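Open the structure in a viewer and keep the selection tool at hand. The stops below say what to select next and what is there.

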Amino acid sequence: MAKANTGRKRRSRGRAWYWRQTDTWYFTPPGTKRRVRLLDERGNPVRGQASIDQAELALARVKAAGDWRPEVKPAEESDWIVAKVCSIYIENCEKRSRAGEISFEYEKEVRRFLQDLCGYCGAMPLCNLRKTHVLHWVETHSTWKSSATRRFAIEAVMAAFNHAQNSYAVPNPLRGLTKPAQCPRLHSFNAEDELALYDATDEPFREFLFAAIHTGLRPFSELAQMTGNDVIESDRGMMWRVYASKTKKTRVIPIRKEVAELTRSILSRDPSGPGCVIFRNPQGNPWKKVTGVSRFRNLRQKLGWIEESNRKNYSCYTCRHTFAHRMLAGYWTDGVGCSIEILAELMGDTPKVAFDHYGKEWGQHFQDPFWAAIGVD
């Protein structure tokens, strides 16, 4: 017999809920089944079914005070705990980083997120861990405003638990945990922004940004690692052999003439030999992510972009987005945009990733078949 519809709707986890019997609002701490009464600023219970806004405000104060944490029961020696899973995966990332299988920046970010998770619920046995614990952990960081940051945090946690499952047959309690959807990469330099950047910085960083905008390479894991030995001269022009530590694949891509001329100029005046990196900082060393991020942050402040809604989000990685947008829009080819498959190969992405990031918003040629289908030229 079908269950009767009473018209009552259960509120989602992590929200305040009302109990008619006591005429009071409560919340359920993560990982528990007990109820805790919500109090107003004077310490009195929040009462009345219409006081939902006051109840949500009281719950927000609980979360802001750092009291929104799961209760941890002592684990037996044989139990796997969250900290053990994280520690093992961090060690694995360190080995892979030394072997060149992953970048140092990736290892550093994974370590940062997993250590933060351990500070939240590291002593919890895996048998008590729930998906809601990870989601609540992400919610407690008000500075993680970007969906990309939250997505990477969850990906790092999932990678650690998948590694424990595959290597030690440890049941994964987080299987099926959803991540924030990938957002289109919409930030892009226009011609005026590009010239302003060049005028506001010195020659080494100007050459680095110029090459990044005109090649679309990942700034620090690819472009900053390019050496003279990766340059190939062919009858049709210069090509670069690019190794992507993210995908562990090597691709050979053609280079625009202006970047080829810049590369030849740098190599001709560089006495270090073809084995050294092409683009270097003023001290003659390869560009590091921490240096490039700091440099670009100072440029944003110098140009007054830090106060603008769009330009305040510019970064070194915007160079890669700019290349993608210009290729799809035909910026360098009289308005004839390239296909998403060509763009994916040039940038070292899969066609799906390239379309999700750039094609939906910038691939105008994808809309041509739809217009043709309804009889519009």
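Select C121 to begin. In this predicted model, C121 is buried, at 2% relative accessibility. The cysteine sulfur closest to that of C121 belongs to C118, 7.7 Å away, which is too far for a bond.

Move to C118 next. This residue is partly exposed, and its relative accessible area is 26%. From the sulfur of C118, the closest cysteine sulfur is the one in C86, at 3.8 Å. Is that a bond or too far for a bond? A disulfide would need the two sulfur atoms within 2.5 Å, so the C118 and C86 pair, at 3.8 Å, is too far. How many disulfides does a search of the whole structure find? The count is zero.

Now go towards the N terminus and select residues 17-19 and 24-27, which are strands β1 and β2. The two strands run antiparallel and are joined by three bridges. Within this pairing, W17 stands opposite Y26 of β2. Four residues lie between the strands of this hairpin, and D23 has a positive phi there, near 55°.

Show the side chains of β2. Which residues lie on each side of this strand? T24 and Y26 are on one side, W25 and F27 on the other. These four residues are all buried, and both faces of β2 are thus covered.

Add residues 36-37, strand β3. β3 also runs antiparallel to β2, with two bridges joining them. F27 has V36 in β3 as its bridge partner.

Two loop residues come next. Select A169, in the loop between α5 (147-168) and α6 (191-200). Phi of A169 is positive, near 55°, although the residue is not glycine. A169 is exposed, at 66% relative accessibility.

For the second, select D334, which sits in the loop between α10 (318-329) and α11 (340-347). D334 is likewise a residue other than glycine with a positive phi, near 55°. With a relative accessible area of 79%, D334 counts as exposed.

Turn from the loops to the interior. Select F205, F208, L223, W240, F279, F296 and L343: they have the most contacts inside the largest nonpolar core, a set of 48 residues. At least two residues of this core come from each of α6, α7 (203-215), β5 (238-244), α8 (257-268), α9 (289-303), α10, α11 and α12 (351-362). Which element gives the most to this core? It is α7, with seven residues.

Give another colour to W80, A153, A160 and L177. They are among the 34 residues of a second core, separate from the one just described.

Finally, clear the selection and display the whole chain. There are 13 helices and six strands. Of the 377 residues in the chain, 40% are buried. Among contacts with a separation of 6 or more, 59% are between residues 24 or more positions apart. Switch to a surface display for the last view: the chain exposes about 21,800 Å², and 51% of that area is supplied by carbon and sulfur atoms.

Technical notes: Residues are numbered from 1 along each chain as its sequence is written. This is a predicted model: local features need pLDDT of at least 70, side-chain atom pairs count only at pLDDT 80 or more; totals for chains, interfaces and linings use all residues. Side-chain values use heavy atoms; hydrogens and water are left out. Buried means under 20% relative accessible area, exposed over 50%, partly exposed in between (1.4 Å probe, protein chains only). Two strands pair if DSSP finds at least two bridges between them. A nonpolar core is a set of buried Ala, Val, Leu, Ile, Met, Phe, Trp, Tyr and Cys residues joined through side-chain atoms within 4.5 Å. Contact means heavy atoms within 4.5 Å. Accessible areas come from the Shrake-Rupley method with a 1.4 Å probe; for residues, only the protein chains shown count as cover.
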